[in-house]
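Subject: Structure handover

Hello,

Here is the structure I said I would pass on. My notes on what was found in it follow below.

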Amino acid sequence: MEETAGRQTEKKVVAVVGGGLVGALNACFFAKRGFEVEVFETREDIRKAKIVRGRSINLALSHRGRQALKHVGMEEKIVSQGIPMHARMIHSLSGKQSPIPYGKKGQYILSVDRANLNKELLTEAEKYSNTKLNFDHKLQDWSAETGIMTFVRSDGSMEQIHADLIVGCDGAFSAIRKQFLRRSRFNYSQTYIPHGYMELTMPPINGEFAMKPNYLHIWPRNTFMMIALPNLDKTFTCTLFMPFDEFEKITTGDEVIEFFQKYFPDSIPLIGVEALKRDYFRLPAQAMVSVKCSPYHIGDKCVLMGDAAHAVVPFYGQGMNAGFEDCIVFDEIMDRFNEDFSAVLSEYTRVRVPDDHAIADLAMYNYIEMRAHVNSKWFIFRKYVDNFLHFLMPKAVIPLYTMVTFTRTRYHVAVERWHWQNKVINYSLRLGAVGAVFGGSYLLIKNPPDMNKLIIPTEKMWNKLVALKTP
Ligand code: FAD
Ligand code: EGU
C-alpha cells in the first residue's frame, strides 16, 4: 500500500508553456491523467485583466474542437455559450442575401468568444488540485538536455524551473520552437500571405442583431473578402481581409466609406458611417502566417501542439479546431503507449504531422482559390454543385468542407478522398460527354432523319415568318 501511494506522489511534472486556447485545454488533459501540471503564460490572468486585446474576437468551433472539449467534460458548457450557425449567408454586391446550409439539421458550427473560451478553460484546468497556473511567466530559453526552462517576469526577475515533459503551446511565434530550429534535421517553413485582416464591430439595431444571427455572413469579392460572426451581446464581429498594400491605400475616413461603397455597400448602414471611419484606423491590419514543421518532438523531453506546431491561415476556420484535435490525438497515443514519453512523442509526430500539414495546405489552397476567382455567384454555384453531387451519390461524394468540419476524418485522408472524388467526378463528366456524342450518333444512324423533312423549304419558312408577324 505504502509503495503505491509513494509512486503516485512521484507523478511526473508536465510543463505546459502557453495558456492560450490549446495550452489551457491541454492542461486539463494532462491533469486528468494525474500529472503534476504547471502552466506558464506570458500575460496576466485574462480573467482578472480589464482589457484583453488579442487576436480575433470570435471563432468558429466545429466537430473536432467539440470532441476535444467533450474529452474533458467541457463540451456542453462551451456549446451553451456559443451561437449556432446553420448556414452561410452570402452577400452579393447588390445586397442580395443567399443562405447556403452547412448540411442537415444537426450540422452547424458555433460562433464562440475567444476570450470567454480561454477563461473557461483556465478555470476548468484550475479545478484539478494537481494543476498550477503561473501567469506573468514568459519563457525565454530552455534546454533540451536538462529540461530546465528560464522564465522572465515583468519585474525583470528570472526563474528556472525543471519539468519531465515540456509541452509547447505558445502559439505561432513559439519560443519553445526556437530550440528545435537550432537542431539538425528539423524541417521548418513559414509563409506570410499578402493579405492582412481587420476586425470591425457591427452594433445591434434597436437592441436586436443587425443581420440574421444564426449564419456565418460572407461577402466574397475575390481579392477582398469580409466575414461576420455573431456574438452573444448581439453584435457581429466583421473581419475584413485584403492585401496590405490595399489597406495602406486607404488613409482617410472618406476613403474608407468610398471603399465600402464599392465593395460592401450593404454593410455601411449596419456598421455605421461614423463607427466605420473611426474603427478602421483604431488598429493596423494584422498579418497572417502559415507555419509548417517536423518533427514535433525532441526525444522524450518536449512536444509542440497547436499554432506552435502548425499555424494555419484562417480560410478553413480550423486553426483552433486542429489544435484541440492535437490534444485528443496525443491523449489516445498516451493510452496506447502507457504514458511512456519516449514512445508517445515519436508516435505523435509520426501520426500527426501528415494531418496538420494537410490542413495547413488546405487552408492555403482555399485562400488562393478565394482571392483568385470567388465572388458571390461562384461561391453559391460551387456549393450547389458540391451539395448536388452529394445528393446524387451520398456515399461516394462527400464535400471536402463536410469531412473537415463535421467529421474526425484524418485531414490527410480527407484530402486524399477529395482528390479521388474529383477524379471520379471528372471521369463521369467526360464519360457523359463522350456518351452523349456516341449515343447521339448511334441514334442518328439507326434512325436517319428524312432529309426532306429536316430541310424546311424556303417557301414554307417564309410563310411561317409571315404568320409570326401578322397577328
Ligand atoms: P494562441 O492562442 O496564440 O496562444 C498562445 C499562448 O501562448 C498565448 O496566450 C501567449 O500569450 C502565450 N505565449 C506566447 N509566447 C510565450 C512565451 N514565450 N512564454 C509563455 N507564454 C507564451 N481557428 C478556428 O478553429 N476557427 C476559426 O474560426 C478561426 N478564426 C481565426 C480568425 C483569425 C483572423 C485568426 C488570425 C485565427 C483564427 N483561428 C481560427 C485560429 C486560432 O486563432 C488559432 O489556431 C488558435 O488561437 C491557436 O491556439 P494556441 O493556443 O495554439 O495559440
Ligand atoms: C475565416 C475567418 C466560407 C472565421 C471558408 C467557408 C473563417 C472563419 C469556408 C474567420 C469561407 C471560407 C469554413 C467553415 C469557416 C464555408 C469552411 C472561415 C470561419 C471552406 C473569424 N470556414 N470559417 N470553408 O464553407 O469549411 O462556409 O475569422 F468564407 S467555417 Cl474562407 Cl465550415
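To begin with the contacts in the chain: of those with a separation of 6 or more, 70% are between residues 24 or more positions apart. Please keep in mind that this is a predicted model.

The chain as a whole

The chain has 471 residues, and 50% of them are buried. Its secondary structure consists of 17 helices and 19 strands. The C-alpha trace spans about 110 × 60 × 40 Å along its principal axes. About 24,200 Å² of the chain's surface is accessible, and carbon and sulfur atoms hold 57% of that.

Ligand 1

There are 30 residues around ligand 1, and those that come nearest are Glu41, Arg43, Ala60, Arg114 and Asp307. Two of these names return in the polar contacts. The side chain of Glu41 has an N or O atom 2.6 Å from an oxygen atom of ligand 1. In Ala60 the partner is a backbone N or O atom, 2.7 Å from an oxygen atom of the ligand. Met320 also takes part through its backbone, with a polar atom 2.9 Å from an oxygen atom of ligand 1.

On its own, ligand 1 has 1,000 Å² of accessible area, of which the protein covers 88%. Four elements give two or more residues each to its shell: helix H2 (21-32), strand E3 (58-61), strand E9 (138-142) and helix H11 (319-336). H11 provides the largest share, three residues. Sorted by class, the shell holds twelve nonpolar, eleven polar and seven charged residues.

Ligand 2

Ligand 2 is surrounded by 20 residues, the closest being Arg88, Tyr102, Ile218, Pro314 and Phe315. Two side chains from that list make polar contacts with it. Tyr102 places a side-chain N or O atom 2.8 Å from an oxygen atom of ligand 2, and for a polar side-chain atom of Arg88 the distance to an oxygen atom of the ligand is 3.0 Å.

The protein covers 96% of the 610 Å² of accessible area that ligand 2 has on its own. At least two residues of the shell come from each of E3, strand E14 (215-221), strand E15 (224-230), helix H12 (341-373), helix H13 (376-392) and helix H14 (400-406). Strand E3 thus appears in the lists for ligand 1 and ligand 2. By class, the shell around ligand 2 comprises 14 nonpolar, four polar and two charged residues.

Regards

Key
Residues are numbered from 1 along each chain as its sequence is written. Chains are lettered from A and ligands numbered from 1 in the order in which they are written. This is a predicted model: local features need pLDDT of at least 70, side-chain atom pairs count only at pLDDT 80 or more; totals for chains, interfaces and linings use all residues. Side-chain values use heavy atoms; hydrogens and water are left out. A residue is near a molecule or strand if one of its heavy atoms lies within 4 Å of it. A polar contact is a pair of N or O atoms within 3.5 Å; within protein, one must be able to donate a hydrogen and the other to accept it, and residues adjacent in sequence count only if both atoms are side-chain atoms. Accessible areas come from the Shrake-Rupley method with a 1.4 Å probe; for residues, only the protein chains shown count as cover. Ala, Val, Leu, Ile, Met, Phe, Trp, Tyr, Cys and Pro count as nonpolar, Asp, Glu, Lys and Arg as charged, and the others, Gly among them, as polar. Buried means under 20% relative accessible area, exposed over 50%, partly exposed in between (1.4 Å probe, protein chains only). Contact means heavy atoms within 4.5 Å.
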